[in-house]
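Me: I should like to learn how to read the contacts between charged side chains in a protein model. May we work through one together?

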Amino acid sequence: MTSARPDRVLARIKAANKKALLTELSKAAAEVTGLHERQILDVLIERERLGSTGLGGGIAIPHGKYVGLDRVYEIFAQLDKPVDFEAVDHQPVDLIYVLLAPNDAGADHLQALSRASRMLRNQSTVAKLRGSDTVEALTLVISSHQEEGQKN
């Protein structure tokens, strides 16, 4: 996230399966982007059809490009209980980083994916995210990681 914001961080969300999770994430994304949740869900599902964005280790980065967005939007979610996300390692997912980018956002989209991936490969940060149970605590962990990244 360019800057961690509580309105883009979800704590301990509940979802029974991948589709229910993507539906919840689409609702949250609709609130911050102003787009219709069904259209966001369609973009995320279409991307998942190309192959799961479940990276392994309980982490997924669902993403997609969307006509009508003016910039990249990032939303982080921590699940109450992991769900099957058809991840490459067949492990359920409990940390999700959603990226929605304008249709013409080549480099910005790739940079956002890279930032999300770096954060979620950092085992210390992942442990802190899993140990947090409020939006405020999660936002602080994400912000702290971003500040560290800017120093390096």
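Reply: Let us begin with a single residue of this predicted model. Lys14 has a relative accessibility of 61%, so this residue counts as exposed, the cut-off being over 50%.

Me: With which residue does Lys14 form a salt bridge?

Reply: A salt bridge is recognised when a side-chain nitrogen of Lys or Arg is within 4 Å of a carboxyl oxygen of Asp or Glu. Here the partner of Lys14 is Asp80, and the closest N and O atoms are 3.1 Å apart. The two residues belong to distant parts of the chain: Lys14 is in the loop between β1 and α1, whereas Asp80 is in strand β5, 66 residues apart.

Me: Is Asp80 buried, exposed or partly exposed?

Reply: Asp80 has a relative accessible area of 22%, so it is partly exposed. This acid also belongs to a network of salt bridges that links Arg12, Lys14 and Asp80.

Me: How many salt bridges are there in total?

Reply: The count comes to 9 salt bridges. Another one of them joins the side chains of Glu48 and Lys18, at 2.8 Å from N to O. Glu48 lies in helix α2 and Lys18 in helix α1, so this pair ties together parts that are 30 residues apart in sequence.

Me: Are Glu48 and Lys18 buried or exposed?

Reply: Buried means under 20% relative accessible area. Glu48 counts as buried because its relative accessibility is 8%, and Lys18 is buried as well, with 11%.

Me: Which elements of the structure does the pair of Arg130 and Asp94 tie together?

Reply: The side chains of Arg130 and Asp94 meet in a salt bridge of 2.8 Å, N to O. Arg130 lies in helix α4 and Asp94 in strand β6, so the pair ties together parts that are 36 residues apart in sequence. As for accessibility, Arg130 is partly exposed, at 36%, while Asp94 is buried, at 15%.

Me: What kind of contact does the side chain of Arg121 make with the side chain of Ser117?

Reply: That is a polar contact, at 2.7 Å. Arg121 is found in helix α3, which covers residues 106–121, and Ser117 is also placed in helix α3. Arg121 counts as exposed at 56% relative accessibility, whereas Ser117 counts as buried at 19%.

Me: How far apart in space are Arg121 and Leu55?

Reply: Their C-alpha atoms are 9.9 Å apart, while the two residues are 66 residues apart in sequence.

Definitions and conventions
Residues numbered from 1 in each chain as written. Predicted model: local features only at pLDDT ≥ 70, side-chain atom pairs only at ≥ 80, totals over all residues. Heavy atoms only, no water. Helix = DSSP H or I, 4+ residues; strand = E, 2+ residues; numbered from the N terminus. Buried < 20%, exposed > 50% of the residue type's maximum accessible area, 1.4 Å probe, protein only. Polar contact = N/O pair within 3.5 Å; in protein donor to acceptor, adjacent residues only side chain to side chain.
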